Each structure stands twice: as structure tokens, then as C-alpha cells.
Amino acid sequence: MTTSDQVRSDISRIWDYVSALSLGQSFATPVSLSASEVFREYSRDAERSYEEVYLIGLRNVDYNIILSDYSFFQFTHERDEDLRFAYYPNPLLGSSDEALKELVELQEYVDEGIIETEEYLARVSEIRVMRHPPMIRYEYSLSQYDVELHPASHFHIGMY
């Protein structure tokens, strides 16, 4: 059985590891994430693109840790029987070094007050490298278990 204290400690340890590798951009919250209602709505809507879900998560800080390439992690622990760990790769950059350099430059402009966050997000959305790794989500939920339809413990690779 996993406790909230264990999850909190593990999230902090993950940030320490990410930081040691110089991969971290921001440590938003060291506790179990409760994503915004709009993020949950978008992520469950099959009509929404992965890019839309990702950008809502980014705008609403619906993540625990964001990496230097602006991919992010979500760690959620609800009750003792529900865990959700998700990785959302940046759909705009793919693995392009040039796109990442452009993103870092834009972030520096925001940090220096040269551009506002909205302009930053608009310019980031213009960077398009459509080949990116799929999102990965692990879930463990006894409350959603159905012997014929839904395992208690499972991975999702990709959106749906």
C-alpha cells in the first residue's frame, strides 16, 4: 500500500534526479497532483488532439515536474488504491535540437520581460516538429477494476 507521504517523497527524489542530470525546468508541486477540471475534460475528449491536451496542461500548470524540453510529468495518488503516473512529451519539439534551442531562447525572452507569456505560447505553437514520443501513463485503480473490461494495473501508450 502506497501512502501520500511516500508519493511526496518519491516526487522530490525524482526532481533531485532530474536536476542532477540538468534536465529540469521547473518543480511545480511536490505533492500529489489534482489536475484542473479543464485538463481532465480535454484529456477525456476523443475529439481533442494530443497537442491541445498538452498545451492545456502547460498553461494550467497541470504537472508536477516540467523538463527542459517542456515535456512534463504528472504524479497523482488518491486514496490508497489509486495511482496515476503520466509523462507528456512536448508535441511541438519532437527530439529536434534546433527546436529546443529556439524554445530556450524564447524562455529567456520571457524571463527578461522582452515578451509576455501569451506571446511566448503563441510562438512556441508555431514551432512544429510532429515526430515525438508517445505519452505514457501508468494507472493502478482498484475502484475501476473489472475482470472482463479493465485491469486494476495497466499502461497506456499514446492518447487513447
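**Fold, cores and local backbone features of the predicted model**

Read from the N terminus, the elements of the protein succeed one another in the order α-β-α-α-β-β-β-α-α-β-β, which amounts to 5 helices and 6 strands. The model is a predicted one, and the values reported below were computed from its atoms. For a chain of 160 residues, a compact globule would be expected to have a radius of gyration near 15 Å, and the 17 Å found for the protein agrees with that expectation. Taken along the principal axes, the C-alpha atoms fill a box of roughly 50 × 35 × 25 Å. Among contacts with a separation of 6 or more, 55% are made by residues 24 or more positions apart.

The accessible surface amounts to about 9500 Å², and carbon and sulfur atoms contribute 51% of that area, while 37% of the 160 residues count as buried. The charged side chains comprise 13 positive and 29 negative groups, and the centres of these two sets are separated by 2 Å.

In soluble globular proteins, nonpolar side chains tend to be buried together. In the present model, the largest nonpolar core contains 25 residues, within which Tyr 54, Leu 58, Tyr 70, Tyr 88 and Tyr 120 have the most contacts. At least two residues of this core come from each of helix 2 (37-44), helix 3 (50-59), strand 4 (82-88), helix 4 (97-111) and helix 5 (117-126), and the greatest contribution, 6 residues, is that of helix 3. When neighbours within four places in sequence are set aside, Tyr 120 is in contact with Tyr 70, Leu 103, Leu 106, Gln 107, Val 110 and Ile 115. Another core, of 9 residues, lies apart from the largest one and includes Trp 15, Leu 67, Leu 83 and Tyr 87.

Helix 3 is largely enclosed by the rest of the structure, because 8 of its 10 residues are buried. The buried residues of this helix are Tyr 50, Glu 51, Val 53, Tyr 54, Leu 55, Ile 56, Gly 57 and Leu 58, and two of these names, Tyr 54 and Leu 58, also appear among the residues with the most contacts inside the largest core.

Ile 66, located in strand 2 (residues 65-67), has a relative accessibility of 2% and therefore counts as buried, the cut-off being under 20%. Not counting residues up to four places away in sequence, Ile 66 touches Trp 15, Gly 24, Gln 25, Ser 26, Leu 58, Ser 71 and Phe 72. The C-alpha atom of Ile 66 is also separated by 6.6 Å from that of Phe 27, a residue 39 positions away along the chain.

Most residues other than glycine have a negative phi. Against this background, two loop residues call for separate description. Ser 22, in the loop between helix 1 (4-20) and strand 1 (24-27), takes a positive phi near 60°, and with a relative accessibility of 60% this serine counts as exposed. Val 61, which follows just after helix 3 and belongs to the loop between helix 3 and strand 2, likewise has a positive phi, near 50°. The relative accessible area of Val 61 is 41%, so that this residue is classed as partly exposed.

Technical notes. Residues are numbered from 1 along each chain as its sequence is written. This is a predicted model: local features need pLDDT of at least 70, side-chain atom pairs count only at pLDDT 80 or more; totals for chains, interfaces and linings use all residues. Side-chain values use heavy atoms; hydrogens and water are left out. Helices (H or I, at least four residues) and strands (E, at least two) are DSSP runs, numbered from the N terminus. The radius of gyration is taken over C-alpha atoms; the globule rule is 2.2 Å times the number of residues to the power 0.38. Buried means under 20% relative accessible area, exposed over 50%, partly exposed in between (1.4 Å probe, protein chains only). Contact means heavy atoms within 4.5 Å. Accessible areas come from the Shrake-Rupley method with a 1.4 Å probe; for residues, only the protein chains shown count as cover. Lys and Arg count as positive and Asp and Glu as negative; His and the chain ends are not counted. The place of a charge is taken as NZ of Lys, CZ of Arg, CG of Asp or CD of Glu. A nonpolar core is a set of buried Ala, Val, Leu, Ile, Met, Phe, Trp, Tyr and Cys residues joined through side-chain atoms within 4.5 Å.
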